[in-house]
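Please walk through the structure below, from individual surface residues to the interior and then to the chain as a whole.

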Amino acid sequence: MRNQIRKKVYTLIISLLALGAWAQKSTINVYPLLQAPYLEQGGIIYNLPANKLIIKLTVKKLTVKTGPFKQYAEKYLGDASVHQTDKVAWRIDQIDITTSAIPDSTQYYVVATNGNSLGSLISLTDELYLQSVNEIAAGKGIDNSRITLEDDTQPDRNIPNYSRVSIKQTMVEKIDTVYRQVQTDTMIVRIPTIRRQLVEKSPEEKARELSQLLFALRDDKNALIKGEGDGKALPDGTALQQMLSEMNALEKEYLALFIGTSWTENYTYTFEYTPKIDQENDRTVLFKFATTDGILPVTDRNG
């Protein structure tokens, strides 16, 4: 990239010299700034910039959170593809490399104008970089644009609670027969008694009931869409759309308890590096990457 920039600058110098020779029929001299002789009639100082590389990475992070009834998804929903463990996965989605000109303190030069009007033909930037010569080879300069990236729209990252979405009680009454021993004059008698207590349903009981609610909800939604009201008037227009929207949201909550939820996030990292002209085989590590951790510093052994 540095050579490309210099090629453009050299093209400007050649244009400058050609214009000067054509207009003045005299020699145009260019000197390194520190080696330039005293110029009585003045000169123009310019700089050949160095190139700074700007490396911008777009990294995507996928997060998967499993549902509490994941082990029953195949049994009650027929879905065997449900994730059984939480996971986080990273990938590099895009790499953009641009350049930015920065002053090179070793590359200042002087163009001797010899009192002619050559100075009015040369256009410089504020940093003294050559921009154009008599509007010949004028360009837009070095592209240093930066793209602003927005994160993806995030879904609800929380798994709903069973007790919030279920229409049935989470506790059931358990009835046990226990025996109480009673001492009489001649023997010990075991007398049966009934003990009642409330216990929480097992995870599989909850999963089975939730699957029944899910399929009943789908059946009701299908009836609404088809217009099957069992003789009852069906809603229409906005009311129908609102009902279907709420039923879809409830179905999504039911499913999340089995299949979990997932979402993606976009992260943007920017690294800047200035190549060294005297190190043609320069190998510089800017960062490390791991699919489980994303972008890591160069000192991290996991990358």
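Leu33 counts as partly exposed because its relative accessibility is 34%. In this predicted model, Leu33 sits in the loop that runs between strand 1 (30-32) and strand 2 (43-47). Together with Leu34, Ile45 and Leu128, Leu33 forms a nonpolar surface patch of about 370 Å². Membership of such a patch requires over 30% relative accessible area, and the 34% of Leu33 meets that cut-off.

Thr193 is another partly exposed residue, with a relative accessible area of 25%. Thr193 belongs to strand 9, which covers residues 188-200. Leaving aside residues up to four places away in sequence, Thr193 touches Asp176, Thr177, Val178 and Arg180. For one of these partners, Thr177, the separation from Thr193 is 16 residues in sequence, while the C-alpha to C-alpha distance is 5.7 Å.

Lys60, by contrast, is buried: its relative accessible area is 14%, and the limit for buried is under 20%. Lys60 is placed in strand 3 (residues 50-65). What does the side chain of Lys60 make a polar contact with? The partner is the side chain of Asn266, at 3.0 Å.

The interior can be followed through its nonpolar cores. In soluble globular proteins, nonpolar side chains tend to be buried together. Here the largest nonpolar core has 19 residues, and Phe69, Tyr72, Ala207, Leu210, Tyr254 and Phe258 have the most contacts inside it. At least two residues of this core come from each of helix 2 (73-77), helix 3 (162-165), helix 4 (203-226) and helix 5 (237-259). Tyr254 shows some of the packing in detail: beyond residues up to four places away in sequence, Tyr254 touches Val165, Leu210, Leu213, Leu214 and Leu217. A second core, separate from the one around Tyr254, has 7 residues, among them Leu53, Ile55, Leu57 and Phe271.

The remaining values describe the chain as a whole. Its secondary structure consists of 5 helices and 12 strands. Of the 303 residues in the chain, 31% are buried. Taking contacts between residues at least 6 apart in sequence, 75% join residues at least 24 apart. The chain exposes about 20,100 Å², of which carbon and sulfur atoms supply 50%.

Terms used
Residues numbered from 1 in each chain as written. Predicted model: local features only at pLDDT ≥ 70, side-chain atom pairs only at ≥ 80, totals over all residues. Heavy atoms only, no water. Patch = residues over 30% accessible without salt bridge, like charges linked within 9 Å, V, L, I, M, F, W, Y side chains within 5 Å. Areas by Shrake-Rupley, 256 points an atom, 1.4 Å probe, with all protein chains shown as cover. Salt bridge = Lys/Arg side-chain N within 4 Å of Asp/Glu carboxyl O. Helix = DSSP H or I, 4+ residues; strand = E, 2+ residues; numbered from the N terminus. Buried < 20%, exposed > 50% of the residue type's maximum accessible area, 1.4 Å probe, protein only. Contact = heavy atoms within 4.5 Å. Core = buried A, V, L, I, M, F, W, Y, C linked by side-chain atoms within 4.5 Å. Polar contact = N/O pair within 3.5 Å; in protein donor to acceptor, adjacent residues only side chain to side chain.
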